[in-house]
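This briefing sets out the architecture, the strand pairing, the aromatic contacts and the nonpolar cores of the protein shown below. Please keep the structure in view while reading the points that follow.

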Amino acid sequence: MLFRSVFQIKKKDYSDKDLLYWKQFGIDLEILEYFDVHSISHYFINGLSFEIKKNELGFAYYEQPYKYKIYLPSRNKGEKFWSNTGGIVQGYNKLPDRGEVCLITSSKKDIMTLYKLGVTSVAPSSDRKSTRLNSSHLVISYAVFCLKKK
C-alpha cells in the first residue's frame, strides 16, 4: 500500500512583504486568490507542525483537499519546496474549456505570471528528488491534454 503524506496549513493574511515578493513577477492579490495561493504561518505534515519564521516567506499552493505544495522562497534550494501533489497538473483546474495554445511550464508561479499576460499554461507537478520525464515525452503527453480539456 502506498502511503501519502497528509498536508495541512495555517493561513495568515498577506503581509506587505508577501505582496512585494509576488509583485516582482507581476502577480497581485487577485491572481493569488484566483489560483488558491495562501500566505501561511505554519504547515503540518502528518500532524507534525512546522512554523514559518518571522523573517521568512511561506506560501501554500492548494491543489486538492490535503494536497498542497509548500513554497518557502527565502530558504536554501533543497528546502524551498515540500509537496504531496505528485501526479497533479498544476493549473489544470483553471484551463478554459476552449483554446488554441497552452504552454507547458515548470511552476505555478510561471502559470500565474503567464495568466497575467493572457497566456494559458499548466505545470506538471514534479518532486525534485524523483525521476523526471524527458522534455520530448512531456510535450507529447501534455500537448493534447491542454488543448482538449474535457
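A charge sits over a ring if NZ of Lys or CZ of Arg is within 6 Å of the ring centre and within 35 degrees of the ring normal. Lysine 94 is placed in this way over the face of tyrosine 34, at 4.3 Å from the ring centre. The model is predicted. The protein contains 4 helices and 9 strands, and 39% of its 150 residues count as buried.

**Overall architecture**

- Read from the N terminus on, the elements follow the order β-α-α-β-β-β-β-β-β-β-α-β-α.
- Among contacts in the protein with a separation of 6 or more, 57% are accounted for by residues 24 or more positions apart.
- The accessible surface amounts to about 9800 Å², and carbon and sulfur atoms contribute 54% of this area.

**Antiparallel pairing around β4**

- Strand β4 (residues 59–64) pairs in the antiparallel sense with strand β2 (residues 37–45), over 3 bridges.
- Within this pairing, phenylalanine 59 of β4 is the bridge partner of serine 39.
- β4 also pairs with strand β5 (residues 67–71), again in the antiparallel sense, over 5 bridges.
- Glutamine 64 stands opposite lysine 67 of β5.
- The hairpin of β4 and β5 has 2 residues between the strands, and tyrosine 66 in this hairpin takes a positive phi near 65°.

**The open sheet**

- Three strands form an open sheet in the order β7-β9-β8, with mixed pairing.
- Because β7 (89–90) and β8 (103–104) stand at the edges with a single partner strand each, one side of each is left without a neighbour in the sheet.
- β8 and strand β9 (residues 121–124) pair in the parallel sense over 2 bridges.
- In that parallel pairing, leucine 103 has serine 121 of β9 as its bridge partner.

**Positive phi values**

- Most residues other than glycine have a negative phi.
- Aspartate 36, a residue other than glycine, has a positive phi near 55°.
- Aspartate 36 belongs to the loop between α2 (29–34) and β2, and its relative accessible area of 24% makes this residue partly exposed.
- Asparagine 46 likewise has a positive phi, near 50°.
- Asparagine 46 lies in the loop between β2 and β3 (48–51), and is partly exposed with a relative accessible area of 38%.
- Glycine 118, just after α3, takes a positive phi of about 85°.

**Aromatic contacts**

- In the whole structure, 14 aromatic pairs are found.
- One of them joins tyrosine 21 and phenylalanine 25 in an edge-to-face arrangement, with 5.3 Å centre to centre and 70° between the planes.
- Tyrosine 21 is buried, at a relative accessible area of 13%, whereas phenylalanine 25 counts as partly exposed, at 25% relative accessibility.
- Tyrosine 43 and phenylalanine 50 form a stacked pair, because their ring centres are 5.1 Å apart and their planes meet at 15°.
- Tyrosine 43 is buried, at 3% relative accessibility, while phenylalanine 50 counts as partly exposed, at 32% relative accessibility.
- One aromatic cluster consists of Tyr14, Tyr21, Trp22, Phe25, Phe59, Tyr61 and Tyr71.

**Nonpolar cores**

- In soluble globular proteins, nonpolar side chains tend to be buried together.
- The largest nonpolar core has 15 residues, of which Trp22, Leu32, Val37, Phe59 and Met112 touch the most other members.
- Two or more residues of this core come from each of α1 (16–23), α2, β4 and α3.
- A second, separate core has 10 residues, including Ile40, Ala60, Ile70 and Leu72.
- Leaving aside residues up to four places away in sequence, phenylalanine 59 touches Tyr14, Asp18, Tyr21, Trp22, Val37, His38, Ser39, Ile40, Lys69, Ile70, Tyr71 and Pro73.
- Phenylalanine 59 therefore recurs across these topics: as the bridge partner of serine 39, as a member of the aromatic cluster and as a residue of the largest core, where nonpolar side chains tend to be buried together.
- In helix α3 (residues 108–116), the buried residues are Lys108, Lys109, Ile111, Met112 and Leu114.

Definitions and conventions:
Residues are numbered from 1 along each chain as its sequence is written. This is a predicted model: local features need pLDDT of at least 70, side-chain atom pairs count only at pLDDT 80 or more; totals for chains, interfaces and linings use all residues. Side-chain values use heavy atoms; hydrogens and water are left out. Two strands pair if DSSP finds at least two bridges between them. Buried means under 20% relative accessible area, exposed over 50%, partly exposed in between (1.4 Å probe, protein chains only). Rings of Phe, Tyr and Trp (its six-membered ring) pair if their centres lie within 6.5 Å; planes under 30 degrees apart count as stacked, over 60 as edge-to-face and the rest as tilted. A nonpolar core is a set of buried Ala, Val, Leu, Ile, Met, Phe, Trp, Tyr and Cys residues joined through side-chain atoms within 4.5 Å. Contact means heavy atoms within 4.5 Å. Accessible areas come from the Shrake-Rupley method with a 1.4 Å probe; for residues, only the protein chains shown count as cover.
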